[in-house]
Amino acid sequence: MTATATSALEAAYDRAAAGERLSTEDAVVLLAQGDLLTLGSLAAAARQRRNPGRTVTYIVDRNVNYTNVCVTYCSFCAFYRPPGHEEGYVQTYEQVAARLEELRAQGGRQVLLQGGHHPDLPLAWYEGLLRSMRERFPEINVHGFSPPEITHFAEIWKMPVREVVARLKAAGLGSIPGGGGEILVDRVRKVIAPMKATSDEWLGVMREAHLQGLSTSATMMFGHVETLAERVDHMDRLRRLQDETHGFTAFIAWTYQNPNTNLLRKVKDPAGSHVYLKTVAVARLFLDNVPHVQSSWVTQGPKVGQLALDFGCDDMGGTMMEENVVSAAGTTYRMTPEEMDRLILAAGWEPRRRTTRYEVLPPHLPTEVPA
Ligand code: SF4
């Protein structure tokens, strides 16, 4: 390492320790040269500044993937089926309701409603679905339709994004998940998902959602064809939008999951747990205006999910009774609320359930928990 490189790293460490805003150059240096445990302790301190204490939150939720029919053909996706494929499906309102009954039985507070980019489903179908969910399950927030789905709707319904968001919100949409962010750099998007929303379109949907009072999460799928500078560019674009709107509740990063997808041949060395933990720690340090950072146990596994709590994460995301998109790519982890409690307790933290907007619910465990 040259003297200049060393001093740049030391300066970035110092700024992070002082709680100063990091530059993009700082973040690249930390990702490239930072020591894993040093980054972990800096990120843990940043987490304590923002969310002090030993509480780790999670939400009881489930995924509902209402259709797997999609015309966007992302190279990393093993979930979709093209129109006309014998394995393509669209769930009925009753099938969706049956899944929400199961979620209600667990005390669930959120459904993550996402689907493929179906070429023919009309707005009225979505409005009817949202209304039926709101009427029958008012306590369950619909966290639905990632930005690429919204831009797809705008295209097929020939409607501005603003109106799509307003119509879905009026029908019962409560918040928008950050899915489809991947890496918000168009060079990367052209390689991994050339037909999906551009970076500006993704950010434009989020801006519009925030302006209309919908909270959203932000995601990053990394460790494939992006450079470290592009990974930081992604975070920088999120941070700039957050400075403007303050609508992102949380940041969630996960590594590209490869076994069953076409992207595999383009990725020689997919990111593992070491890179995941470093990246999530740098994200906690860099995204100083995003309230929460989630540990992605669904993709990293419960054990790395626990470790991430010592690298700046303060939330374990959702219990995900059903997960089809990541599991279609070969990664399958599931958890009951009780298992989630045990996982958080075993890592030395106090589990609390929350709503989509991160309102912490009353304690659900006895104060004395048997070892
Ligand atoms: S990731 Fe989403 S948009 Fe891309 S192919 Fe899969 S279902 Fe379609």
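**Reading helices, core and ligand shell**

Trainee: Which elements cover the buried residues of α10?

Mentor: The cover over the buried residues of α10 includes α2 (24-33), α9 (199-211), β6 (215-222), β7 (248-255) and α11. This is a predicted model, in which local features need pLDDT of at least 70 and side-chain atom pairs count only at pLDDT 80 or more, while totals for chains, interfaces and linings use all residues. Residues are numbered from 1 along each chain as its sequence is written.

Trainee: How do I read those labels, and which residues of α10 are buried?

Mentor: Helices (H or I, at least four residues) and strands (E, at least two) are DSSP runs, numbered from the N terminus. A residue is buried if 20 or more other C-beta atoms, placed from the backbone, lie within 10 Å of its own; with 12 or fewer it is exposed, and in between partly exposed. In α10 the buried ones are Arg231, Val232, Asp233, His234, Met235, Leu238, Arg239, Leu241 and Gln242. Just past this helix, His246 has a positive phi of about 55 degrees.

Trainee: What span is expected for α11?

Mentor: The rule is 1.5 Å times one less than the number of residues. The 14 residues of α11 should therefore span 20 Å, and its end C-alpha atoms are indeed 20 Å apart. This helix is mostly covered, with 11 of its 14 residues buried.

Trainee: Where does the largest share of the largest nonpolar core come from?

Mentor: First, the general idea: in soluble globular proteins, nonpolar side chains tend to be buried together. A nonpolar core is a set of buried Ala, Val, Leu, Ile, Met, Phe, Trp, Tyr and Cys residues joined through C-beta atoms within 7 Å. Here the largest one has 96 residues, and Ala27, Phe251, Val280, Ala281, Val282, Ala283 and Leu285 touch the most other members. Helix α11 (residues 273-286) gives the largest share of this core, eight residues.

Trainee: What does Val280 touch?

Mentor: Two residues are in contact if their C-beta atoms, placed from the backbone, lie within 7 Å. Leaving out residues up to four places away in sequence, Val280 touches Ala253, Val293, Ala308, Phe311, Gly312 and Cys313.

Trainee: Which residues surround the ligand?

Mentor: Around the ligand are Cys70, Thr72, Tyr73, Cys74, Cys77, Phe79, Tyr80, Gly116, His117, Pro148, Ala193 and Lys196. Sorted by type, this shell has eight nonpolar, three polar and one charged residue. Ala, Val, Leu, Ile, Met, Phe, Trp, Tyr, Cys and Pro count as nonpolar, Asp, Glu, Lys and Arg as charged, and the others, Gly among them, as polar.

Definitions and conventions: Near = placed C-beta within 6 Å.
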